[in-house]
Amino acid sequence: MNPTAFASLNLHDALLNNLASLGYDRMTPIQSQSLPPILAGRDVIAQGKTGSGKTAAFGLGLLQKLDVKRFRIQGLVLCPTRELADQVAREIRRLGRGIHNIKVLTLCGGTPFGPQVGSLEHGAHIIVGTPGRIEDHLGRGTLKLDKVSTLILDEADRMLDMGFQEVLERIVDQLPQRRQTLLFSATFPDQIQAIARLILSQPVTVQVESSH
Ligand code: ADP
Ligand code: MG
């Protein structure tokens, strides 16, 4: 079988069907290199420039291992901005379409707390949000992350550029130590290596030069 075919991975049929209807015929290089270790449960650091398909790489990893019947927060995706969080949530929802009642909730700043707290009371499987607002919810006790089994840092370089390093570390302190952590970034400066050493465990590193 073509090694870049999604069907070469052991993904749920529902995910393969969604990929086909999205027109994702083949894996992009970052997907074909990062998905095998992600699906094997490893921590992964993946670097690839904008447009290389990073969202589906971590989104499929997250959706494949989700236990939909357990209605609790199992995945946390941290993004630098609200726009990016919205895009990521939308892509995860598209990839997870038709899989029984998957609930993806975004928690970002610039939005009133009240409705977010209301949504949290209804529960979710996956939270996508910005570090500041996630930390605010943790401080207020409106968000508990003690059942998270997958942490994803998307656009980690931008989050560090924006000064989120310490917030990220405080959020990570609230997560179970036994978890899978995936770090995605467009660039790979020293600061990324430093935070990776703190929050990832024996990561596999994947670097892709071009998007084709
Ligand atoms: P990145 O996060 O690396 O910047 P995105 O995840 O936003 O990239 O993906 C860029 C674009 O490529 C999106 O429009 C997405 O729908 C599309 N895409 C992702 N994976 C595939 C694929 N395997 N085949 C075709 N299009 C894809
Ligand atoms: Mg992206």
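Around ligand 1 there are 13 residues, and those that come nearest are Tyr 24, Thr 50, Gly 53, Lys 54 and Thr 55. The structure is a predicted model, and the points below describe the surroundings of the ligand, the largest nonpolar core with one of its residues, Ile 152, and then a buried alanine, Ala 89.

**The shell around ligand 1**
- Helix H3, which runs over residues 54–65, supplies the largest share of the shell around ligand 1, namely 3 residues.
- When the shell around ligand 1 is sorted by class, it has 8 polar residues, together with 3 nonpolar and 2 charged ones.

**The largest nonpolar core**
- The largest nonpolar core is made up of 51 residues, and within it Leu 78, Val 128 and Ile 152 have the most contacts.
- Helix H3 gives the most to this core, contributing 6 residues.
- Once neighbours within four places in sequence are left aside, Ile 152 is in contact with Phe 58, Leu 62, Val 77, Leu 78, Leu 182 and Phe 184.
- In soluble globular proteins, nonpolar side chains tend to be buried together.

**Ala 89 and its surroundings**
- Ala 89 is part of helix H4, which spans residues 82–95.
- Ala 89 counts as buried because 23 other C-beta atoms lie within 10 Å, and the cut-off for a buried residue is 20 or more.
- Apart from neighbours within four places in sequence, the residues in contact with Ala 89 are Val 104, Thr 106 and Val 128.
- Although Ala 89 and Val 128 are 39 residues apart along the chain, their C-alpha atoms are separated by 6.3 Å.

Definitions and conventions:
Residues numbered from 1 in each chain as written. Chains lettered and ligands numbered in written order. Predicted model: local features only at pLDDT ≥ 70, side-chain atom pairs only at ≥ 80, totals over all residues. Near = placed C-beta within 6 Å. Helix = DSSP H or I, 4+ residues; strand = E, 2+ residues; numbered from the N terminus. Nonpolar A, V, L, I, M, F, W, Y, C, P; charged D, E, K, R; others polar. Buried ≥ 20, exposed ≤ 12 C-beta atoms within 10 Å, placed from the backbone. Contact = placed C-beta atoms within 7 Å. Core = buried A, V, L, I, M, F, W, Y, C linked by C-beta atoms within 7 Å.
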